[in-house]
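Me: I've got a model open and I'd like to learn how to read its pockets and its sheet. Can you walk me through it?

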Amino acid sequence: MASKVLIERLNANLQRIGALKGFDQFMKQVKVCSATPGKLELEMTVEEEHTNPVQTMHGGLTASLIDVSTTYALMTTEDARPGVSLSLDVNYLKAVQIGEKIRIEAEVLKQGRSIAFTKAKLLNQKGELIAVGSHVKHLGS
């Protein structure tokens with residue numbers, strides 16, 4: 001699938017899910033910038049609604065961004081199955097302030113018949129690591 005078509009399809013899906021009521025509304029503010037088989041780059045700007053009581057990006061949002069980005073990276077593969085989470089590991093390295101634009105880079109490390117191993121990293125505008133995560137997904141039988 002051509003990269004431009006793939007990016008448009010992924011962005012449309014983010015908008016569709018973000019328009020639903022509930023937690024996933026943050027997804028309407030995430031934009032896919034580039035996509036190739038097994039790799040994805042997204043971006044978003046952190047707004048007040050994304051923060052914790054000390055006004056930095058909430059750790060739960062960081063984990064969700066790793067979850068979503070690695071799942072969408074799986075959707076760029078030939079198999080294109082999102083799967084369900086078996087494990088999600090996040091290491092938080094730097095706080096993010098309101099107004100900062102962040103980049104999320106996700107990659108499929110290995111995809112088998114029923115299990116996929118993925119990773120993601122979040123970076124600030126200076127290219128500094130904000131968080132890194134690994135995500136293992138069950139793809140079904």
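**Reading pockets and strands**

Reply: Sure, and keep in mind that this is a predicted model. Let's begin with volume: the largest pocket holds about 240 Å³ of space.

Me: Which residues lie nearest the centre of the largest pocket, and how many line it?

Reply: The idea with a lining is to ask which residues have an atom within 4 Å of a pocket point. Here 14 residues line the largest pocket, and E105, A106, E107, K119 and K121 are the ones nearest its centre.

Me: Which elements give two or more residues to that lining?

Reply: They are β1 (31-36), β2 (39-45), β4 (101-111), β5 (115-123) and β6 (129-138).

Me: And how do the lining residues of the largest pocket divide into nonpolar, polar and charged?

Reply: You'll find 6 charged, 5 nonpolar and 3 polar residues there.

Me: What volume does the second largest pocket have, and what is it lined by?

Reply: Its volume is about 180 Å³. G22, F23, Q25, F26, E49, H50, H58, G60 and L61 make up the lining. By class, that lining has 5 polar, 3 nonpolar and 1 charged residues.

Me: F23 and F26 caught my eye. Which residue touches both of them?

Reply: S64 does, leaving aside residues up to four places away in sequence. You can find S64 in helix α2 (residues 59-75).

Me: Is S64 buried or exposed?

Reply: For burial, you compare the relative accessible area with a cut-off: under 20% means buried. S64 comes out at 15%, so it counts as buried.

Me: On to the sheet. What order do the strands have?

Reply: Reading a sheet means following who pairs with whom. This one is an open sheet of 6 strands, with antiparallel pairing and the order β1-β2-β4-β5-β6-β3.

Me: Why are β1 and β3 each left with one side without a neighbour?

Reply: β1 and β3 (84-92) stand at the edges of the sheet and have a single partner strand each, so one side of each has no neighbour there. As for twist, neighbouring strands of this sheet are turned by 15 degrees against each other on average, ignoring direction.

Me: How many bridges join β1 to β2?

Reply: There are 5 bridges between β1 and β2, and the two strands run antiparallel. To see the pair in register, look at V32, which stands opposite L42 in β2.

Me: Which helix packs on the sheet there?

Reply: Helix α1 (residues 3-18) does, touching β1 and β2. The direction of α1 makes about 140 degrees with that of β1.

Methods:
Residues numbered from 1 in each chain as written. Predicted model: local features only at pLDDT ≥ 70, side-chain atom pairs only at ≥ 80, totals over all residues. Heavy atoms only, no water. 1 Å grid on protein atoms, 1.4 Å probe; cavity = no way out; pocket = protein on both sides within 12 Å on 5 of 7 lines; lining within 4 Å. Points joined across faces, edges and corners; volume = space filled by probe spheres on them. Helix = DSSP H or I, 4+ residues; strand = E, 2+ residues; numbered from the N terminus. Nonpolar A, V, L, I, M, F, W, Y, C, P; charged D, E, K, R; others polar. Pairing = 2+ DSSP bridges. Axes fitted to C-alpha atoms, helices over the stretch in contact; angles between N-to-C directions. Contact = heavy atoms within 4.5 Å. Buried < 20%, exposed > 50% of the residue type's maximum accessible area, 1.4 Å probe, protein only.
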